[in-house]
Each structure stands twice: as structure tokens, then as C-alpha cells.
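Visitor: I would like a close look at one part of this entry, chain C and what it touches. Please keep to plain terms and explain each one once.

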Amino acid sequence: MILVIDVYDFSGLTQAIDKSLKAVMSPGWATFAEYVIIGLIFLIFYAILGLFLVYAERKVCAFIQNRLGPNRVGPLGIFQTIADLIKLLMKELVPIKNADKLLFNIAPFIVIIASFMAIASIPFARGLQALDFNIGVFYIVAVSSLGVVGILLAGWSSNSKYSLIGAMRSGAQVISYELSVGLSLLTVVVFAGTMQLSEIIESQANGWWIFKGHVPALTAFIVFLIASTAETNRGPFDLAEAESELTAGFHTEYSGIRFAFFFLAEFMNMFIVASLATTVFLGGWMPLHFGTGGVFNRIMDFIPPVVWFFVKTGIVIYIMMWFKWTFPRLRIDQLLTLEWKYLLPINLFNITLVAFLTLMGWHF
Amino acid sequence: MDQAALKQHFEEILPGLTFPENKQYPEVIVPVDKLRAFCDHLKNSQELLFDYLMCLTAVDWNDHFMVVYHLSSTIYHHTVVVKTRIGNRENPAVDTLSDIWKTAEFHEREVYDLFGISFINHPDMKRLFLEDDYGFPLRKDFTDESRMIVK
Amino acid sequence: MQDEVVKNIILGEDDNYIINVGPQHPSTHGVLRFEVSLQGETIKKVIPHCGYIHRGIEKMSERLTYPQIIHLTDRMDYLSAHMNNEAVCLCVEKALEVEVPERVLYIRTILNELNRIASHQLWWCAMGMDLGALTTFFYGLRDREKILDIFEESFGTRLIQSVNTPGGLMQDIHPGFQKRITEFIKYFRKKLPEYDQLLTGNVIFRERTEGIAIMTREDAVQYGVTGPSGRASGLSCDIRKIAPYGAYPRVSFKEVLRTEGDTLARYKVRIEEMYESMKILEQLTDNIPLGDYTAKMKAVIRLPAGEFYQRVETARGELGVYIVSDGNKTPYRIKFRAPNFSNLFVISKLAVGYKIADLIAISGSLDLVIPDIDR
């Protein structure tokens, strides 16, 4: 029994647009027009969200460090990122001698394309999801691991020792932590019985999996947070671009718009990972329900699902930013030890526990 | 050990040393060829145990160089100043002490860089601060072409 | 021929990968170049190349009078500038057998300890930043600003005080000096435990520093490593205890010694030294005797012919000033035995077998200030 008020269901809107397009042109062209519209919307959304996230990071970082952050450009400094973007666009693209030109130019695009493909399948509200595969979770994990190809290409083609070391470190790190990401997501997949993202959210209509799945879901959530921070080269795991050791690692030799791509892709990866955590563990756009029916649930339903989604994602992003600016950095061998000796066994044990609980029906 | 006892001990090891006047630390001038054996004894003898080389430098006295070693003991806390006199101005050379005190390796490179005194058997006799064709600035007959020190 | 040259630059002997850390690098805190020979991520050899900031202070000093030399010594180890000044002043005063007033002794010692705390604070925040905890940089500098405000009020300058002269000080302290120091100590005593929790207790930090680069006492003595780096290996080398000067004989403080000798020990020694410095300040600040701030000296200072050596404990180790005088108003030869010069070269022994990330942690824990190495 679904208790979300139907006014917030976007499938009505999308069906209406589809019908009106098919009335005007042939079905093939209508589909093509829809692709173009969705592509444009996502491009704009991506760019605006990127700008906003960069601003948020700078403000959060500043407040943790006991200072104010950007506060001159625009009211409260909200146009700071736009000013930075204009500056980056005007910078000279320094060509590197002896660099592999094709790979050097392709690398930033690969990273952006990988994160773009992953964003397309995030559910923002009921009916507001571009790609709704029945292998949703699997698709996102597979596609975001394409980003590592871009990083390796960037490091290799820069023809610089620092970049190469940074890229190799990053490659080892990302490949190791993909395991933990996949396995921790698997716990909720076993609970919900499906990999399709919209189905997983619908199954949380009587409570979020982090509450319903008690111990194993909580463990999986924590492991997922750690592993995904390492996947996106952020936080205490950012030695691939460790400023104080390797002067920017794999993207040392990039300048101007190409550097902007790497920078933007890092923030959008953080968003993707946070929204994946929200979708799978915290209910996505589903409001906070306890059981079915009841006054509390009806009150919660009044807040639009889109708002729920962004607030939850925002909180997860804030947690990730918080521990980037608090902890020192791990060394590469400590990082790999963390994955292979600690997170992986915890994950395997967790999955066995989840399978057992699901069989017994010992979850809410 | 106090000053007098140290001087007496040095006389016993190596007779014929000169002891210049110094109010602060006992000073002894050792001939260049006996320097290594003397310093070896200073480091390893149980009563002396001069294991800490505080300072290694050289002074240019216009007709000779004087290489000065300030030695101290971390156990007994006595200090001594050992000097050797190098008369040769074209090719000044003295034995290295870098295998007795490891820190001497780098102080000797600095002395070579600034004075031109080379140290025999040094593991890596290269200049430390300046370029290879700079000359030896701390010598008194060094002409400063850029005339930064004008008087 | 071109390929030969290229091969020698990229691959050293034994076909190891050579990487240059520096001279411009965010972590070396000065211009210093490490030529690191790597096998994968493991360091096989580290060769430090210094000399990028060699200014010839010793040669310049041969043409300057003694009060003028003091202003050059500021620029050697600029974070313990006052202690460098004091070393030259003490050497000159010892040679001339001048008795400085009590007030001068107390003020000089107080300034020493304030400089030591400021220097250790800067070291702490830079070390955190090198290891990736970028927030510590701002917290450390915030506290250091309070000390710099005290200096600015009394002497007009922040980093380098330049207030020493042979015979005493060039000017007296501001009337609010003592009050501000007491306020600062009260403020700082609350902050240090907080920083301990933030960085020292952090699991990641401990993993990065515990057991890394152990320096034995034997190594410390052989390489002449003094100061907190030496004391972390159990070498008792505090000049304030061995050959006290200034007001140090009148205060009681502990010499902080540890025996582990790893990076964490060097870190902890400096944190504890800050506590000891505050203890010294508390004993001295309220008891500054009234009197002259300088002894009566001749207008032109000529040292008698002879040789004089003075040892002083700066924030990084033992500074030695060796003056050879021939009776003129300028020294015949002046030599500065710089603590950082000896502390630097022990890296080629300590870093072997560890990773690049550890090299940054090790050089941060040795607390090198590069202008002191090159003078």
C-alpha cells in the first residue's frame, strides 16, 4: 500500500509530454526529441549542481577551519564558483611536450562521461528517473568504475613521473574498493529482492532499510560510506592527488577547462555516491514512514519527495566533507590493508548474515 | 675531566703537542699526519669518549690554514678544541674524519666548498652549496667580481 | 648521446626510478631538493641537495661590526630568531667580560621561550598539513597570532624581533607585556589538550607516524642531531641544562626525553616542550626585576684577540657561534654551527626502506628550516 500523495507523482507529467510530442511528430522522431530534451535537462542540472557543490565545499571547509570562506562575490559569495569557472575557461591550455596527445585530450572526457552515465539513473521522485533498468544497482556500479580508465590515461599520457605515480596509486585504490562498494550494496539488494532502483525505493514505503535491516544494514551503510569515499578519491583517501606529496598527482599537467572537468567530475561522483547511499539505505525520495498508515506518515507525506531526496543526499555529502577536513591522509599500503584485511571480511560476513536473516524473515 | 687533566692525558698519548692559550676550552694543535690516530683515540678511549663532533671549520691565516674541530662528550660533558695547521696553500689536504664521526662528512664538504681544503679518502668529495667554477669564497685572497661586499 | 643523458636523469644506478622532491614543493618548507631513488613506492636512497639559499652570511659578517651581524643572524633560522641573536650577543659579552643587568637576563629568556612556543606551533600546524589534516594549519596559526601580537606591541615586528644588542636590549618592553603573556598562557593551556585529541589521538595519524624512521641514540650522536629530534632518541642534549645561560639557572623545568626515536616520539617531545616552556614563562613573567635594559658599552665594540665559542639551544637544536677575533671591530672569522645542517643529513639514513609518503612525515618531524642549512 503506497501512501505518498499522488500529486507528487511525476509520471503523469512525463506521460503528458510524451503524448503531446507523439501527436506532433512520428514516434521515432518523438523519441529522439525526448532524448534531446532529457540530455539538455541533465546537462544543465549537472552543471548547476556542480557549481553548488563546489560552493558548499568551500563554505563547509572554511567553517571547520575557523574562517568564513567566499563572501565577496555576490551575496554570501554564491557567485564565487561562477567567477572561478570563467577564470578556468580563460586559462591557457598548456600543451605538454612528448605527451600522448590523443590520450591526454580524451582522459577528462572519459571521467565526465562515466559520471554522467551514472547520474542518469538516479531516481529523484516517483516517475522522475531517466533510466530505470531492472539491473539498476549493478548498472551504476559498473558505469562508475569506468572513471578509473580516465584517471589512468591522464596519469600515463602526462609524461611526468608525479602523474604516473598518482595514477597508479589511484588505479589500485579504485579497483580494490569497488569490491566493498558492490558487496555492501548487495545487502539491501538481498533484503529488497530486486536490483531495480525504483523497486528498492518502493519497498521502503514502510520504513527505510537502514532501520528495517537493523544490524547488517547499518554495518553495510558504514562500510559503503568508507568504500565510496575511497572510490571517489576523496577525504582521507585522496593520496592520488595529495597536494602536499605529489603536487596534484594525476592531474598535475592539466590546466584550464580540462582541469575543470576533473574537478567537476570529482564532485559529481561524490553526489552520485551520496545519492546511491540515500536511495538504497535511506529511502531515496520516500518520506520517513514507520509501518503503514497512521497520522505521522500522512504528515511526512506532505513534504515533496524531491525535497526529501535532496535533503538526505545533502546530509550524506556533508558527512563526507566533514571527515575530509578532519582526518589526515592514509598511506597507500595502509589504504589497501584497510580494504583487503578489514572491509572485505566484514562485508562477506555481513552478506552471509543478511542471507540468513532474510531466509528466517528476521527483519522488519 | 678538567682542563689540566685533559692536557696531561694528551701529552701522554702524543708528546710534543702545542697548547695555545684559551680561557674557555682546552685547545691542542696536532700535526696533520698524526691527526687521524689522535682523533681515533679521542673517540674510542674509555676515559675520554669524545663522541660528539660539535663544529668543524677552517680559518684562513694568510700563510696557512687552520682546521678547527670542536669535540664534546655526551657522557662526561667535557669539551676540547683540536686544531691542525696546513701550510700548503696550493693543494691543502688533510685526512678525513668521516668514518670516525659521520657528521664530519658533510661539514668537510662545506669546508671544501668554501676554502678549497680537500679531505683525503672522503667518500663523496663534492661541493655542497656553490657551483663548480665559483672559486673558494672564504679565503682571504678571494676577489669578489660581483662586488657585493664593498668596503 | 641525448638518450644517454636522458637515461641518466630518469634512471639512476641499478635502474631505480629517480624522482625530485623540490626545490619547489609544498612540503619541504623552503628550497631544498631531495633526490629520491625509488623502487615502486619504496625509497632506496635519498640524497639531499642544499645550497639554493646560500647567502654567504659568514663571509658578509667579516665586513660588518658586531651589532650589525646580529641582524644577519635573524635570517638564518627565522623561527628562532631571538635565540640566534642571543647567541652572538652572549659570545661578544663573554669575550668582553661584560655583566648584563638582571632585567635583561629575564627578558631575553622570556623572549626565548615565547619564540620556542611560536616555532613549535608553526611546526605542529605544518606537520598536520603535510600529512593531510589541512585544518590543523589554521588552528595553529590562530594561536601563533596571539604571540606575534605580543611581539608587535613591544617591538614593532612580528617574526624577527632584532631587539638584542651586545650588552642588553635596544629598547625596553611595553608596560602591558607581562599581562599579555599571562593571558596567553591561560588561553593556550586550554588549547593544547584539544589539539592532542585532534591529531595525536587520531588512529590514522598514529598509523602514519608510529614506528616510522627510528633513530637510535647512536645515530643521533654520530650525525650530531640535537634539539627535540635528538631528545626523542634518548640523547640528553639540552644546552639549557648542560651549559645554562641567561635566566635558565633560576628556573626549574624538565628536559623532555623519550627513548623510542620514531616520528611519533619526535612529535610528542615538541608538544611536551611547549608545556615546559609555559612553565618557564610562568616562573619568570611576574618576577622581571626593574633596572636598566642595557649595560654601558663603548660606541665601537672591539673584541680582544682570541677565539670564543658560545652554545645556545634554539627551537631546533644546538646553535654554536665561533668567533675568531684579531682585535678589530669586525670578526676575522665567524662560524655558525647550525642545528638544521646536522639534522638534515640523517634523513639519508632514516628514510631508506619507507614509502614516499613517509619521507614527508619524516622531514616534517625533523622540523627543518632551510635557510639555516645553507646560511
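Visitor: To begin with the contact between chain A and chain C, how many residues does it take from each of the two chains?

Guide: The contact takes 22 residues from chain A and 25 residues from chain C, where two residues are in contact if their C-beta atoms, placed from the backbone, lie within 7 Å. This is a predicted model, in which local features need pLDDT of at least 70 and side-chain atom pairs count only at pLDDT 80 or more, while totals for chains, interfaces and linings use all residues. Residues are numbered from 1 along each chain as its sequence is written, and chains are lettered from A and ligands numbered from 1 in the order in which they are written.

On the side of chain A that touches chain C, the elements giving two or more residues are α11 (243-246) and α15 (332-360) of chain A. Helices (H or I, at least four residues) and strands (E, at least two) are DSSP runs, numbered from the N terminus. Sorted by class, this side of chain A has nine nonpolar, six polar and seven charged residues. Here Ala, Val, Leu, Ile, Met, Phe, Trp, Tyr, Cys and Pro count as nonpolar, Asp, Glu, Lys and Arg as charged, and the others, Gly among them, as polar.

Chain C also touches chain B, in a contact of 24 residues from chain B and 26 residues from chain C. On the chain B side, strand β2 (residues 52-60) of chain B gives the most, with six residues. The residues of that side of chain B divide into 14 nonpolar, seven polar and three charged.

Now to chain C itself. Chain C has 16 helices and eight strands. Its radius of gyration (taken over C-alpha atoms) is 21 Å, close to the 21 Å that the globule rule gives for 375 residues, so chain C is as compact as a globular protein of that length. The globule rule is 2.2 Å times the number of residues to the power 0.38. Along the principal axes, the C-alpha atoms of chain C fill a box of roughly 65 × 50 × 35 Å. Of the 375 residues in chain C, 52% are buried, a term for residues with 20 or more other C-beta atoms within 10 Å of their own; exposed means 12 or fewer, partly exposed in between, and the C-beta atoms are placed from the backbone. Among the contacts in chain C with a separation of 6 or more, 69% join residues 24 or more positions apart.

One sheet of chain C is open and has three strands in the order β1-β2-β3, with antiparallel pairing. Strands pair if DSSP finds at least two bridges between them. At the edges stand β1 (17-21) and β3 (42-49) of chain C, each with a single partner strand, so one side of each is left without a neighbour in the sheet. Neighbouring strands here are turned by 25° against each other on average, direction ignored. Five bridges join β1(C) to strand β2 (residues 33-39) of chain C, and C:I19 has C:V36 in β2(C) as its bridge partner.

Another open sheet of three strands in chain C has the order β6-β7-β8, and its pairing is antiparallel. Its edge strands are β6 (306-314) and β8 (333-337) of chain C, each pairing on one side only. In this sheet, neighbouring strands are turned by 10° against each other on average, direction ignored. Between β6(C) and strand β7 (residues 317-325) of chain C there are nine bridges, and C:V312 stands opposite C:L319 in β7(C).

A helix crosses this second sheet. Across β6 and β7 of chain C lies α4(C), running at about 145° to β6(C); axes are lines fitted to C-alpha atoms, for helices over the stretch in contact, and angles run from 0 to 180 degrees between N-to-C directions. Helix α4 (residues 81-96) of chain C also packs with helix α5 (residues 102-131) of chain C, at an angle of about 145° and with the axes 8 Å apart. From α4(C), the residues that make the contact are C:A81, C:H82, C:M83 and C:E86, and from α5(C) they are C:R108, C:L111, C:N112 and C:N115. By class, three of the residues in this contact are nonpolar, three polar and two charged.
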